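Welcome! Let us take a walk through this structure together, one step at a time.

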Amino acid sequence: MLPDVPAIDKTFDYLVPEQLGDQVRVGTMVRVELHGRRVGAWVVADGVEPPPGVALRPIAKVTGWGPPEPLIDLARWAAWRWCGRTASFLGTASPDHAVPGLPRPTRSGGGPAVVVSPVPDDHDELIRLAFTRDRSVLRLPPAADSYPVALAAARLGNALVLAPSVSAARHLGPRLRRAGVDVAILPREWAAARVGSVCVGSRAAAWAPMADVAAVVVLDEHDEVYQEERAPTWHARDVVIERARRAGVPCVLVSPTPSLEAIQWADGALLTPSRATEREGWPIVDLVDRRREEPGRAGLYSERFVKAMREAPGTVVCVLNRKGRSRLLACARCGEATRCEHCSSSMAQSDDGRLVCRSCGTARPVVCQACGATTLKNLRVGVTRAREELEALAREPVVEVTGDTSAQSLPPARIYVGTEAVLHQVPSAALVAFLDIDQELLAPRYRAAEQAMALLVRGARLTGDGRRGDGRLLVQTRLPHHEVLQAALLADPGRAADAEWERRRFLRFPPVTALAAVGSVAAPAFIDALGHPAGVEVMGPSDDRWLVRAPDHRILCDALAAVTRPPGRLRVEVDPLRI
DNA sequence: CGGACAAGCTGA
DNA sequence: CAGCTTGTCCGG
């Protein structure tokens with residue numbers, strides 16, 4: 001019995017009353033008296049020998065079905081891997097409402113669920129190959145439909161298919177259903193999933209309750225939504241990788257731009273289509289080098305952009321991310337953006353006037369690394385002003401879209417401008433323009449390059465107004481040779497990954513190493529108790545957080561698990577997104 | 001988490 | 001020293 005009380009990470013023994021015997025198994029959710037009150041709990045073992053001298057109380061009530069035994073073990077593993085509590089993972093693996101009984105299976109067990117003929121697709125052979133191995137990373141371009149991958153998994157039996165959003169899952173589920181696949185769409189259809197069927201869902205569906213999983217697929221594996229923001233900061237990709245490994249079934253990660261974590265995990269098993277096929281799945285990319293413009297034109301809009309916007313045959317989406325506080329500095333003479341000579345992050349001007357790298361701390365005097373000039377200028381414009389300026393340039397209405405605009409009430413227009421949110425809310429476009437991608441490329445976050453690449457992929461998906469390969473992606477930059485932009489231009493994400501791998505090696509950032517951030521009031525006590533185990537490096541504190549680094553997760557998580565949790569608020573983020 | 005109980009503080 | 005607050009411990 002493991003109580004569903006966040007502060008108690010300990011199991012207790014209870015008696016199972018005779019008349020409840022047939023309802024209680026490992027995973028069952030029950031209510032028990034604990035220390036004078038009733039709490040929810042999971043049965044995590046049965047037939048145990050109680051410690052001597054303890055008077056056992058009976059279980060008070062059976063709530064209903066819970067996760068199957070393999071998920072209880074997986075939750076224990078996740079508690080170690082992300083330094084969290086087993087109960088918080090079991091909560092994710094459990095139904096929202098009590099499930100007193102399960103529906104009857106819709107088909108008589110065994111055998112694959114699919115009855116339809118295969119869907120012909122350019123990527124058929126790659127997909128077939130992916131499922132012949134334990135692990136593969138399948139790099140399919142932005143325009144590729146991932147449905148055939150899900151269908152191929154479903155052919156193997158009770159497959160688990162993760163999509164980055166609930167709406168993507170709700171789109172994919174019925175498609176599989178129309179092909180004759182027995183599908184449970186999570187989180188709504190928990191009971192059907194528990195009985196056993198192909199399960200489709202987003203992050204939390206990594207904990208889909210089928211007892212036997214036949215194959216695992218993660219679509220758009222690079223998407224950061226797969227990681228939980230609150231501690232424990234578990235990652236759905238890593239949970240299903242472990243789940244597939246334990247079950248001994250194939251795990252296929254699909255993405256136009258696989259993460260370094262995925263590439264490292266696949267250990268060379270990266271499947272890509274031919275260069276020609278991959279190029280076909282990317283839009284035409286126009287890189288506009290903003291350094292080459294006449295000095296008077298300091299605004300956000302290059303001549304090429306204005307021309308493309310006016311001449312676009314359909315919807316135009318302009319992206320201007322002004323989130324984050326980072327100021328971007330550029331040379332007043334040649335327009336080159338200031339960046340660190342070691343790690344390529346952007347540099348900020350410190351109080352003493354020197355340039356300091358936000359990422360690795362390298363400092364240098366104010367001097368342009370390209371032309372030697374010593375005068376810099378500040379680049380910044382917000383979305384609201386950009387809308388007014390665009391309207392004046394376009395001589396037609398321009399609609400502003402930000403995180404707090406709702407997709408339903410979006411006024412019809414040909415031209416939209418907004419933050420990243422505009423890429424979620426406008427369904428398709430003939431032209432997607434990134435007005436200032438440098439802000440993303442040089443953001444002081446160690447995953448900035450991968451995040452910028454993900455943004456370009458989102459943009460690429462919008463282009464073409466539905467017609468494949470018809471769209472244009474226009475990118476304004478002062479860093480036209482940046483690997484991320486070259487990767488998009490050449491439809492070759494491997495270029496960005498290779499360069500990023502080198503950078504991570506230099507900085508010793510994940511996935512080259514394993515990191516955890518420790519913060520909040522109890523952090524000093526935690527760090528004190530952690531000490532200095534072999535192979536583990538403790539850095540900080542900075543911004544009231546310590547960083548703990550180890551060569552790999554086994555060493556890191558073992559070291560963290562050996563610490564008895566001090567009282568008080570403590571936040572341990574394993575694999576922090578921001579450091 | 002939240003109840004139990006112990007130790008510390010206050011006012012008559 | 002009752003009555004109350006604050007802190008620490010522990011749960012079957």
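**A walk from the sheet to the rings**

Let us begin with a pair of residues: Leu138 has Leu271 of β11 as its bridge partner. The model you are looking at is a predicted one. Leu138 also stands opposite Val254 in β10. The strand β5 covers residues 135-139, and β5 and β11 pair in the parallel sense over two bridges. Strands β5 and β10 run parallel too, and five bridges join them.

Now step back to see the sheet that these strands belong to. Seven strands make up an open sheet, with parallel pairing, and their order is β7-β8-β6-β9-β10-β5-β11. At the edges are β7 (183-185) and β11 (270-271), each of which pairs on one side only. As general background, strands of a sheet pair through backbone hydrogen bonds, either parallel or antiparallel.

Strand β10 deserves a visit of its own. Is it enclosed or open? All five of the five residues of β10 (residues 251-255) are buried, so the strand is largely enclosed by the rest of the structure. A residue counts as buried when its relative accessible area is under 20%. In a regular strand the side chains alternate between the two faces of the sheet. In β10, Cys251, Leu253 and Ser255 point one way, while Val252 and Val254 point the other way.

Besides β5, strand β10 has β9 (residues 215-219) as a partner: four bridges join the two, and they run parallel. One of the matches is Val218, whose bridge partner in β10 is Leu253. To get from β9 to β10, the chain passes through helix α7 (residues 236-247), and this β-α-β crossover is right-handed.

Next, look at the aromatic rings. How many aromatic pairs does the structure hold? There are five. One of them is formed by Trp207 and Trp234, which meet edge-to-face, with 6.1 Å from centre to centre and 75° between the planes. Trp207 sits in the loop between β8 (198-201) and β9, and Trp234 in the loop between β9 and α7, so their pairing ties together parts that are 27 residues apart in sequence. Both Trp207 and Trp234 are buried. Together with Phe89, Trp207 and Trp234 form one aromatic cluster.

Another pair is made by Tyr446 and Phe509, whose ring centres are 5.0 Å apart with the planes at 55°, so this pair is tilted. It links distant parts of the chain, 63 residues apart: Tyr446 is in the loop between α13 (438-441) and α14 (448-462), and Phe509 is in the loop between α16 (493-507) and β23 (514-519). Tyr446 counts as buried because its relative accessibility is 7%, and Phe509 counts as buried at 11%.

Our last stop is the second largest pocket. The space in this pocket is about 490 Å³. Its lining has 21 residues, and those nearest its centre are Arg85, Ala231, Pro232, Arg565 and Leu570. The elements that give two or more residues to this lining are α2 (86-93) and β26 (571-574). What kinds of residues line the second largest pocket? The lining divides into 11 nonpolar, four polar and six charged residues.

Key
Residues numbered from 1 in each chain as written. Chains lettered and ligands numbered in written order. Predicted model: local features only at pLDDT ≥ 70, side-chain atom pairs only at ≥ 80, totals over all residues. Heavy atoms only, no water. Buried < 20%, exposed > 50% of the residue type's maximum accessible area, 1.4 Å probe, protein only. Pairing = 2+ DSSP bridges. Right-handed = clockwise from strand over helix to strand, strands pointing away. 1 Å grid on protein atoms, 1.4 Å probe; cavity = no way out; pocket = protein on both sides within 12 Å on 5 of 7 lines; lining within 4 Å. Points joined across faces, edges and corners; volume = space filled by probe spheres on them. Nonpolar A, V, L, I, M, F, W, Y, C, P; charged D, E, K, R; others polar. Phe/Tyr/Trp six-rings, centres within 6.5 Å; stacked < 30°, edge-to-face > 60°.
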